[in-house]
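Trainee: Before we use words such as salt bridge or buried for this protein, could we go through what earns each label?

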Amino acid sequence: MTAPGGAATGRRRINLFGLGRPLSRERGNFTWVYLWSAPIRATHWIAAACVVVLIVTGFYIGRPYFMTSGEASAHFLMGRVRFIHFTAAAVLIMAGIVRVYWLFAGNQFERLPALFPVTPKNVHNMLRTAGAYLTFRPDKQPSLVGHDPLQQYAYTGLYFMALVMVVTGSTMYGQSNPGGIIFRAFAWVPLLLGGLQRVRLLHHVLAWAFIIYVVIHVYFTIRSDYVERVGRVSSIITGGRYISTDEPYEDYDINQVPAHQWPTPEHPNPKKEA
């Protein structure tokens, strides 16, 4: 596709095996699109911090990986670690409540339907995205401003895992006060899973699932920014990203909001282009 003035625009086929070779700049006309509201960005980073704290303290609670000298009552180390763990869990739950509210108050990229891309069009885009990933052909991906269906299903699965973690964690927390309100509220969980030990096992396995997810999430986010130049990292900080106004999108009508156009002419000396 060619932009006014002859500038080359659109997606480029990237040679993934040309490692070390600088990629050319995207040229054409761009507009800045606001994707993620401030509450979404805040809950994202709060949840990320909570997950790190929960993983570090959770593994210590499960099997302390360092010890201290002296009487336990003197330093109260395990008690402090448990307090940090429970506090992080409470903050994560509050962040989750805000996210649930934003499923109904957010924009089109944040609302409930975005969590469940089940329409025929979404399924078709999911298959196209999966094919592009499997064949290393990013130019074959559908043009989407928001998350692609594969990403969205991954995030929906993460929310479900977080919910199970909260339920199993609350079940174990309730054991510290038998007969208390939390104990009674989650008394059905051990019965459903076949005992408290299975509750612990599920909680532990999902902790490892979170670790694997975080590694994959960070890798694909950085890879997407480098290979596809879509600005996903910056969008979860600033709330939006620049998109080309010279190509159509599956989930966004560029003709309705072509504000803040940012023409980028040809580089005067492409050989010096970084």
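Mentor: Gladly, beginning with glutamate 250 and lysine 121, whose side chains meet in a salt bridge at 3.9 Å, N to O. The pair links distant parts of the chain, with glutamate 250 in the segment after strand E2 (240–244) and lysine 121 in helix H5 (residues 120–135), 129 residues apart. This is a predicted model, in which local features need pLDDT of at least 70 and side-chain atom pairs count only at pLDDT 80 or more, while totals for chains, interfaces and linings use all residues. Residues are numbered from 1 along each chain as its sequence is written, and side-chain values use heavy atoms, with hydrogens and water left out.

Trainee: Why is the contact between glutamate 250 and lysine 121 called a salt bridge?

Mentor: The term requires a side-chain nitrogen of Lys or Arg within 4 Å of a carboxyl oxygen of Asp or Glu; the N to O value here is 3.9 Å, so the pair qualifies.

Trainee: What makes arginine 128 a salt-bridge partner of glutamate 250?

Mentor: Their closest N and O atoms are 3.4 Å apart, and therefore the same rule is met. Arginine 128 also lies in helix H5, 122 residues from glutamate 250. Salt bridges that share partners join Lys121, Arg128 and Glu250 into one network, and the count by this rule comes to 2 salt bridges.

Trainee: Why are glutamate 250, lysine 121 and arginine 128 called partly exposed?

Mentor: Buried means under 20% relative accessible area and exposed over 50%, with partly exposed in between (1.4 Å probe, protein chains only). Glutamate 250 has 29%, lysine 121 has 44% and arginine 128 has 30%, so each of these values falls in the partly exposed range.

Trainee: Why does arginine 99 have no salt bridge?

Mentor: Arginine 99, which is placed in helix H3, is buried, and the nearest side chain of opposite charge, glutamate 110, is 6.4 Å away; that value is not within 4 Å, so the rule is not met.

Trainee: What does the side chain of arginine 99 reach instead?

Mentor: It reaches the backbone oxygen of glutamate 110 at 3.2 Å. Leaving aside neighbours within four places in sequence, arginine 99 is in contact (heavy atoms within 4.5 Å) with Ile40, Glu110, Leu115 and Tyr159.

Trainee: Which helices help to cover the buried residues of H3?

Mentor: The cover includes helix H1 (38–62), helix H2 (72–75), helix H4 (112–115) and helix H6 (149–174); among the buried residues of H3 are His85, Arg99 and Trp102.

How values were computed:
Helix = DSSP H or I, 4+ residues; strand = E, 2+ residues; numbered from the N terminus. Lys, Arg positive; Asp, Glu negative; His and termini not counted. Polar contact = N/O pair within 3.5 Å; in protein donor to acceptor, adjacent residues only side chain to side chain.
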